[in-house]
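Work through the exercises below with the coordinates open, and settle each step before reading its solution.

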Amino acid sequence: MPPGPHFFDPMIFGTELVFTIIAFIFCFAIYYKTRESYELTKHPGIRYFRDAFLFFGLSYVMRFLFSLVLFSGMAFDFFIPREMFAPLFILPLGYLSTIAIFYLIFSLVWKRVNNTKILVLGHLIAILVPLLAFLTRSHMLLLYMQTVLLIIAVLLLLFIRKEKAGLSKTKILYFLVFGLWLINLFVIDSRRPFPPEIEILFRAVSLIVFIMIYYKVYKWAR
């Protein structure tokens, strides 16, 4: 039976801690691994791709800090007014995770658009979407918008793949990234009735996908 809203479950907290640390390590390992490729080529697509993982890594850190505050209140049985501290985490978390998805999109379309304008537009949307979600008190709005962005990214990838036959390895890499983020969106949906064991399973699948992404990047960048 899932824990109630005021019950501290060490297993869930421990899983969140381990998952966040490993996800953070992999995100910055991918960011670091692609540094040499970018420095040698100055390829905008590589820059946007690696910056996406920088933002993903920072969003995982913010997400863990938010969970740490919540679990601390449950563990030590003191009331934490969500209205006061939630914006400190939800707004930057929403921005970081949304702009990370945008940077993945930028890495696909940089040849076809005005890079300056699309960057400004992406950052504006990444600020406005979590702000709107906060004002409406609906974090699901943020998740839905990010899901829409991921779907757009997948459609763009399929369209670009038709134009260029040499993107099969890149296509697999991007699909892994999109799949990973969709899994994470599914896990943090607070309406889910899943027991802790199912959450741990999703975390394990996410980490496996992280390993696959890093392996693909390692082979591509060496």
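The exercises that follow concern a predicted model and go from the fold to the cavity and then to the surface.

**Exercise 1.** Determine how many helices and strands the protein chain holds, and what share of its residues is buried.

*Solution.* Assigning the secondary structure of the protein chain gives 8 helices and 0 strands, and reading along the sequence accordingly yields the pattern α-α-α-α-α-α-α-α. Turning next to accessibility, where buried means under 20% relative accessible area, one finds that buried residues make up 42% of the 222 residues in the protein chain.

**Exercise 2.** Find the largest cavity, and describe its volume and its lining.

*Solution.* A search for cavities of 30 Å³ or more returns 1, and the largest cavity has a volume of about 40 Å³. Its lining consists of Phe-53, Phe-56, Tyr-60, Val-177, Leu-180, Trp-181 and Phe-210. When these residues are assigned to elements, α3 and α7 (168-187) each turn out to supply at least two of them. Sorting the lining by residue class leaves 7 nonpolar residues, with no polar and no charged ones.

**Exercise 3.** Identify the residues of the nonpolar surface patch, and explain why Leu-65 can belong to it.

*Solution.* The patch is formed by Ile-21, Phe-24, Ile-25, Val-61, Leu-65 and Leu-68, which together have about 450 Å² of accessible area. The elements giving two or more residues to this patch are α1 (10-33) and α3 (44-75). Leu-65, found in helix α3, is partly exposed with a relative accessible area of 36%; because patch residues need over 30%, Leu-65 meets that cut-off.

Conventions:
Residues are numbered from 1 along each chain as its sequence is written. This is a predicted model: local features need pLDDT of at least 70, side-chain atom pairs count only at pLDDT 80 or more; totals for chains, interfaces and linings use all residues. Side-chain values use heavy atoms; hydrogens and water are left out. Patches are made of residues with over 30% relative accessible area and no salt bridge: like charges are joined within 9 Å, nonpolar side chains (Val, Leu, Ile, Met, Phe, Trp, Tyr) within 5 Å. Accessible areas come from the Shrake-Rupley method with a 1.4 Å probe; for residues, only the protein chains shown count as cover. A salt bridge is a side-chain nitrogen of Lys or Arg within 4 Å of a carboxyl oxygen of Asp or Glu. Helices (H or I, at least four residues) and strands (E, at least two) are DSSP runs, numbered from the N terminus. Buried means under 20% relative accessible area, exposed over 50%, partly exposed in between (1.4 Å probe, protein chains only). On a 1 Å grid over the protein atoms alone, a cavity is a set of points where a 1.4 Å probe fits but cannot get out, and a pocket is an open set with protein on both sides within 12 Å along at least five of seven lines; lining residues have an atom within 4 Å of a point. Grid points are joined across faces, edges and corners, and a volume is the space filled by probe spheres set on the points. Ala, Val, Leu, Ile, Met, Phe, Trp, Tyr, Cys and Pro count as nonpolar, Asp, Glu, Lys and Arg as charged, and the others, Gly among them, as polar.
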